[in-house]
Every structure is written in C-alpha cells, then in structure tokens.
Amino acid sequence: MGGGNAQKSKMARERNLEKAKAAGKGSQLESNKKAMSIQCKICMQTFICTTTEVKCREHAEAKHPKSDVYACFPHLKN
C-alpha cells in the first residue's frame with residue numbers, strides 16, 4: 001500500500017519548506033521594512049529608499065498642501 005496524492009503533496013511541501021529555510025530564502029517582509037528609510041516629517045509615513053523626488057513631491061502636494069515640500073522631506077534640499 002502506497003501513500004495517496006495528499007500524502008505525497010504534504011511531504012513535498014515539507015521538503016520544500018526545509019530547503020527554503022536552509023537557503024535563507026522566504027518572505028521579504030523584513031528586508032522591505034529595513035529599506036523604508038525615507039520618512040515624511042509631518043505625518044511620519046515611510047517610503048522605500050528607492051522612492052523618487054517626484055513621488056515625494058506628489059505626497060507632499062496631496063497630503064500636506066499647506067506645508068512646504070521641504071518641510072515634509074528635508075533631504076530634497078540637496
């Protein structure tokens with residue numbers, strides 16, 4: 001008597017999970033949290049480090065129209 005398809009699938013999932021743990025692969029959530037290095041100084045919303053100046057300006061104009069763009073993102077002055 002051999003195992004059924006469900007049993008084979010379960011074994012394959014467990015084997016793949018062990019391989020992923022050994023290789024250090026898995027969810028990117030932690031690395032994404034670390035990459036959130038740009039922060040709006042008014043609302044404290046964070047943005048990923050690859051965010052462009054255009055996106056920062058869009059945020060400032062949409063969320064904080066009465067404030068200056070540089071008040072939200074002082075790093076843009078450079």
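Here is a short tour of this chain, from its domains down to a single pair of rings. The model is predicted, so please read each value as computed from that model. The domain assignment splits the chain into domain 1 (1–26) and domain 2 (36–77), and the features below centre on helix 3 and on the aromatic pair of Phe47 and Phe73.

**Domains and annotation**

- Domain 1 covers residues 1–26, while domain 2 covers residues 36–77.
- The C-alpha centres of domain 1 and domain 2 are 44 Å apart.
- UniProt, in an unreviewed entry, lists residues 39–76 as "domain: At2g23090-like zinc-binding".
- In the model, the span 39–76 is 39% helix and 8% strand, and its end C-alpha atoms lie 12 Å apart.

**The two sides of helix 3**

- Helix 3 runs over residues 53–63, and its buried residues are Cys56, His59 and Ala60.
- Why do these buried residues sit on the same side of helix 3? They cover an arc of only 95 degrees around the axis, and therefore share that side.
- As general background, an α-helix has 3.6 residues a turn, so residues three or four places apart point the same way.
- Which residues are exposed on the other side of helix 3? Val54, Glu61 and Ala62 are exposed there.
- The cover over the buried residues of helix 3 includes strand 1 (38–39), strand 2 (46–47) and helix 4 (69–72).

**The aromatic pair**

- How many aromatic pairs does the structure hold? There is one.
- Phe47 and Phe73 make up this pair, with their ring centres 5.7 Å apart.
- The angle between the two planes is 65 degrees, and the pair is edge-to-face because angles over 60 degrees count that way.
- The pair links distant parts of the chain: Phe47 belongs to strand 2, Phe73 lies in the segment after helix 4, and the two are 26 residues apart.
- Are the two partners buried or exposed? Phe47 counts as buried because its relative accessibility is 14%, under the 20% cut-off.
- Phe73 is buried too, with a relative accessible area of 0%.

**Lys33 and helix 2**

- Lys33 is found in helix 2, which spans residues 29–34.
- With a relative accessibility of 58%, Lys33 counts as exposed, since the cut-off for that label is over 50%.
- Lys33 and Thr46 are 13 residues apart in sequence, and their C-alpha atoms are 9.5 Å apart in space.

Terms used:
Residues are numbered from 1 along each chain as its sequence is written. This is a predicted model: local features need pLDDT of at least 70, side-chain atom pairs count only at pLDDT 80 or more; totals for chains, interfaces and linings use all residues. Side-chain values use heavy atoms; hydrogens and water are left out. Domain bounds come from an automatic or database domain assignment. UniProt positions are given in the numbering used here, feature names are shortened, and annotations may be inferred rather than shown by experiment. Helices (H or I, at least four residues) and strands (E, at least two) are DSSP runs, numbered from the N terminus. Buried means under 20% relative accessible area, exposed over 50%, partly exposed in between (1.4 Å probe, protein chains only). The arc is that of the directions from the helix axis to the C-beta atoms. Contact means heavy atoms within 4.5 Å. Rings of Phe, Tyr and Trp (its six-membered ring) pair if their centres lie within 6.5 Å; planes under 30 degrees apart count as stacked, over 60 as edge-to-face and the rest as tilted.
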